[in-house]
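Subject: A structure for you to look at

Hi there,

Here is the structure I promised to pass on. Have a look at it first, and then read on for what turned up.

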Amino acid sequence: MSKVQLSMPVAFLIENLRTSGEPKDVIIECIKKQDFSPLLGKVKEKTMDFKERCQTAEDIGDEWEEAIRSGYEFKFLHINGLKRLLHFRFNRIIDRDYEQDGITLKNLHLDPSEIDTLRGLIGRQWQVIEEDNEPGSVQRSVSIKLLYR
């Protein structure tokens, strides 16, 4: 079975709601009821228009509930979206946690499970390359490059 593919607006709705730390079922219920008040004080981006993004999901038919329950991958993700994903999902920020060189991100440190998660989310369009890492090191240094130029 293939993964659900999400548009950037819907994926970032989910990623932002995930930053609340609430369980999947709570997030799903908030989206269904269009009541985000239980999550608003906890999310990273409080100014996001949650209802508009829910409407976008409905309009384009993104399967957001299945994505929350089983995972997803991006349909398309530009470089700024990639940086936003790193902030939401992994709490990594440019110039603090990694560098940008054109359309490549470098010197990003993630643990192996984070690398697997990232590959699952962006692997259709981006390549996550593990650099030479010290043996036994928990964190791995990676670069992220566009697959097709």
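Let me start with the lining of the largest pocket, which by class has seven nonpolar, five polar and six charged residues. Please keep in mind that this is a predicted model.

**The pocket**

The volume of this largest pocket comes to about 250 Å³. In total, 18 residues line the pocket, and those nearest its centre are R18, A67, I68, G71 and R89. Four elements each give two or more residues to that lining: helix 1 (8-18), helix 2 (24-33), helix 5 (64-70) and helix 7 (112-122). Which of the helices gives the most to the lining? That is helix 7, with four residues.

**The cysteines**

You may also wonder how many disulfides the structure holds. The number is zero. Why do C30 and C54 not form a bond? A disulfide needs two cysteine sulfur atoms within 2.5 Å. For C30, the closest cysteine sulfur is the one in C54, and it lies 9.9 Å away, so the two are too far apart for a bond. Seen from the other side, the sulfur of C54 has its closest cysteine sulfur in C30, again at 9.9 Å.

Are these two cysteines buried or exposed? C30 has a relative accessibility of 6% and therefore counts as buried. C54 is buried too, its relative accessible area being 9%.

Happy browsing, and do write back with any questions.

Best wishes

How values were computed:
Residues numbered from 1 in each chain as written. Predicted model: local features only at pLDDT ≥ 70, side-chain atom pairs only at ≥ 80, totals over all residues. Heavy atoms only, no water. 1 Å grid on protein atoms, 1.4 Å probe; cavity = no way out; pocket = protein on both sides within 12 Å on 5 of 7 lines; lining within 4 Å. Points joined across faces, edges and corners; volume = space filled by probe spheres on them. Nonpolar A, V, L, I, M, F, W, Y, C, P; charged D, E, K, R; others polar. Buried < 20%, exposed > 50% of the residue type's maximum accessible area, 1.4 Å probe, protein only.
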